[in-house]
Amino acid sequence: MSDHLPDPSNAPELFEGVLLRRAAAWLIDCVIITFITIAALLVGGIFGIVTLGLGLLALPVIIPLAILGYYAATLGSPMRATVGMQMMDIVLTPVRGTPLNGWSILIHPILFWVTVWISWPFSILFALFTPRQQMLHDLVVGTLMLRRSPMQRFWRSGGMHSA
């Protein structure tokens, strides 16, 4: 990892309660994703009726794309956070000195859901034993979750560019 990254020993306020905040943000995002799924099901159901059932075949593709669209629109925004992350004052930050691009924004939530579905206890334990509380998908994609408000002060002090 780069030397310009914040470290919990030098900037503990950036990491304070991040794991609990991530869990709360995930719950908030699950509620939003549920509404997105219901909306897609309603639209798909209406389309299915109009097409005499053929439109229903598209639902297994449309629903995941709608959910990925939520992540792309929120993580790809200047806030670099889903609605839940914004409410919990956390931000997704790149660790490799490059800005978040479209692929990392899409791969991050996909890997998150895969690791959570396959082995959520391992994923959480992994975060407990990494110095920066990174989960497995964070390390693979090259991201770091930090508190937003202290991070903005860190950026202003010249500790890291807000790329």
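The buried residues of helix H4 in this predicted model are covered by elements that include helices H1 (18-50), H2 (59-75) and H5 (136-141) and strands E1 (90-94) and E2 (143-147). Helices (H or I, at least four residues) and strands (E, at least two) are DSSP runs, numbered from the N terminus. Among the buried residues of H4 (under 20% relative accessible area, 1.4 Å probe, protein chains only) are His 108, Phe 112, Trp 113 and Ala 127. Residues are numbered from 1 along each chain as its sequence is written, and side-chain values use heavy atoms, with hydrogens and water left out. Local features need pLDDT of at least 70 and side-chain atom pairs pLDDT 80 or more, whereas totals for chains, interfaces and linings use all residues.

Helix H4 (residues 102-128) spans only 28 Å between its end C-alpha atoms, against 39 Å for a straight helix of 27 residues; the expected span is 1.5 Å times one less than the number of residues. A bend of about 120° occurs at Ser 119, with Pro 121 following within four residues. The bend is the angle between axes fitted to the seven residues ending at a residue and the seven starting there. At the N-terminal end of H4, Asn 101 acts as a cap, a side-chain oxygen lying 3.1 Å from the backbone nitrogen of Trp 103.

Arg 147 belongs to strand E2 and counts as buried because its relative accessibility is 11%. Beyond its neighbours within four places in sequence, Arg 147 is in contact (heavy atoms within 4.5 Å) with Glu 13, Leu 14, Glu 16, Val 18, Arg 21, Asp 89 and Ile 90.

Key. Buried means under 20% relative accessible area, exposed over 50%, partly exposed in between (1.4 Å probe, protein chains only). A polar contact is a pair of N or O atoms within 3.5 Å; within protein, one must be able to donate a hydrogen and the other to accept it, and residues adjacent in sequence count only if both atoms are side-chain atoms.
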